[in-house]
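Reader: I've got a model open on my screen and I'd like to learn how to read it. Can you walk me through a strand and some ring pairs?

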2 protein chains.
Amino acid sequence: VIVYGRNPVVEALRGWRAQAVSDIWATAAAAREPWLGGVAVRVVAAAQIEQRCGSPTHQGVCADAGPYPYRGADEILARTDPLIVALDQVQDPQNLGSICRSAECVGAAGVVILDRRAAAVTPAVCKASAGAVEHVRVARVRNLADFLADARRAGCWCYGASAPAYEDGANGHRGPGQQRCAHARRAAVVPYDEPDYKGGVVLVLGSEGRGLRPRVASQCDQLVALPQLGRVQSLGVSAAAAALLYEILQDRGGG
Amino acid sequence: VIVYGRNPVVEALRGWRAQAVSDIWATAAAAREPWLGGVAVRVVAAAQIEQRCGSPTHQGVCADAGPYPYRGADEILARTDPLIVALDQVQDPQNLGSICRSAECVGAAGVVILDRRAAAVTPAVCKASAGAVEHVRVARVRNLADFLADARRAGCWCYGASAPAYEDGANGHRGPGQQRCAHARRAAVVPYDEPDYKGGVVLVLGSEGRGLRPRVASQCDQLVALPQLGRVQSLGVSAAAAALLYEILQDRGGG
């Protein structure tokens with residue numbers, strides 16, 4: 001797998017798959033900059049880098065870093081009082097990258113994503129995460145509701161971001177705020193700053209278009225809602241993730 | 001100007017430039033969906049919509065909505081106890097769109113951007129904002145430091161997001177956290193949850209690569225920093241905006 005861009009390459013060299021980085025290509029200008037830290041690179045033309053990585057946003061550098069080293073969900077759950085982000089069918093690589101980046105910044109134990117019908121950790125996601133995926137654990141699971149059940153058995157509390165908080169569908173603003181939570185069979189919707197987020201916590205975020213699926217929402221202990229004062233009532237999922245993660249971090253006394 | 005995508009078109013029809021929307025084109029499938037609310041559209045092939053708007057992400061609909069209706073910075077400052085977001089050379093349309101969307105969601109009085117060396121409100125920004133730019137005021141100014149001086153004279157407190165909080169440069173993680181704030185000639189750096197954000201507030205965010213420029217930082221009353229617990233120490237500017245805006249909203253008792 002060819003990762004590209006300055007941060008992704010630099011962080012790949014510092015992260016878990018550092019030993020897997022086999023080749024680095026850089027333009028003459030990029031090779032002269034200090035951020036590669038004296039690592040041996042092959043100096044090539046920018047066009048060759050673009051051809052190799054398939055993106056024009058390579059910033060003059062790319063590297064063969066091997067496959068992305070997914071971790072096990074068990075490993076993430078085994079951390080002490082973990083803060084975990086679980087994503088239900090998030091499709092957009094920009095959103096996945098941004099959420100991984102925010103998760104890494106708040107010291108989350110890991111990010112859990114679906115192995116189907118969801119964005120995987122592609123080079124575009126590495127780029128969007130500014131290399132944060134090299135340091136935050138990312139696990140893929142087959143079934144998110146089952147993972148949440150495991151997490152609850154392990155002592156975690158699962159908080160689902162209430163759909164109006166990050167609805168992206170064209171009708172996201174049409175109904176009253178709670179309408180789309182009718183699918184939540186047992187979890188109550190509370191303001192996002194009401195729960196006590198100490199201990200093991202899983203923050204569950206739904207897809208850009210449809211929010212949490214019913215079976216996933218039903219595995220949440222509570223649904224949490226960010227206030228929406230505007231007319232659009234449609235916070236982006238990565239913005240919602242950042243606002244919720246920093247509230248959780250603050251509540252946990254971190255920082 | 002051709003706006004495209006479901007949310008941007010629907011919100012253009014509900015926002016300030018609703019009267020300027022002269023033509024709407026939609027695919028047969030999109031025209032049948034309820035979200036256009038019975039507005040008259042020209043049914044065309046998807047290829048024609050893509051040709052007209054220049055993007056494949058049109059979701060089957062585009063509209064000629066006239067030029068984006070920028071507002072005056074004075075108008076934004078004249079609001080009672082305004083919450084204002086000011087952007088110093090934010091370049092990425094995705095970031096500008098996401099920040100406008102978050103600003104609209106927290107009920108901000110407006111977003112102030114530079115008229116040069118910064119992303120303007122293009123159709124791609126409308127799309128990234130999910131149409132929020134049709135409802136939140138956006139003003140362009142020539143000089144951001146001058147705007148901040150005006151804001152302070154008008155009684156606002158200006159808070160600059162400390163550079164490490166959203167650094168995007170390859171070296172963002174290299175130095176100690178406060179190093180990049182050396183340019184701040186008089187503003188102290190405090191944890192983001194320390195200030196009292198009531199009254200008129202301007203939140204100032206810097207560019208993806210370099211943070212706040214010295215002259216802009218010098219016009220801030222305080223610099224505020226989000227905790228960075230990870231190894232990358234590099235929160236994205238739109239994620240930082242969301243985390244800070246919701247903290248400010250909470251402190252103001254909103255929501």
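Author: Sure, and keep in mind that this is a predicted model. Let's begin with strand S5(B) and its two faces: B:Leu83, B:Val85 and B:Leu87 on one side are buried, and so are B:Ile84 and B:Ala86 on the other.

Reader: What does that say about where S5(B) sits?

Author: Five of the five residues in S5(B), residues 83-87, are buried, so the strand is largely enclosed by the rest of the structure.

Reader: Which strands does S5(B) pair with?

Author: On one hand there's S10(B), residues 201-205, running parallel and joined to S5(B) by five bridges; B:Leu87 stands opposite B:Leu205 there. Then there's S6(B), residues 110-114, also parallel, with three bridges. Here B:Val85 faces B:Val111. Add helix H5(B), residues 93-105, and S5(B), H5(B) and S6(B) give you a right-handed β-α-β unit.

Reader: Now the rings. How do I describe a pair?

Author: You quote the distance of the centres and the angle of the planes. Over all chains, this structure has six aromatic pairs. One of them is A:Tyr246 with B:Tyr192, edge-to-face at 6.1 Å centre to centre and 80 degrees between the planes. A:Tyr246 is in helix H9 of chain A and B:Tyr192 in the loop between S9 and S10 of chain B, so this pair joins two chains.

Reader: Are those two tyrosines buried or exposed?

Author: A:Tyr246 and B:Tyr192 are both buried. Next, look at B:Tyr159 and B:Tyr197: with centres 4.9 Å apart and planes at 70 degrees, the angle is over 60, so they count as edge-to-face.

How values were computed:
Residues are numbered from 1 along each chain as its sequence is written. Chains are lettered from A and ligands numbered from 1 in the order in which they are written. This is a predicted model: local features need pLDDT of at least 70, side-chain atom pairs count only at pLDDT 80 or more; totals for chains, interfaces and linings use all residues. Side-chain values use heavy atoms; hydrogens and water are left out. Buried means under 20% relative accessible area, exposed over 50%, partly exposed in between (1.4 Å probe, protein chains only). Helices (H or I, at least four residues) and strands (E, at least two) are DSSP runs, numbered from the N terminus. Two strands pair if DSSP finds at least two bridges between them. A crossover is right-handed if, with the strands pointing away from the viewer, the path from the first strand over the helix to the second runs clockwise. Rings of Phe, Tyr and Trp (its six-membered ring) pair if their centres lie within 6.5 Å; planes under 30 degrees apart count as stacked, over 60 as edge-to-face and the rest as tilted.
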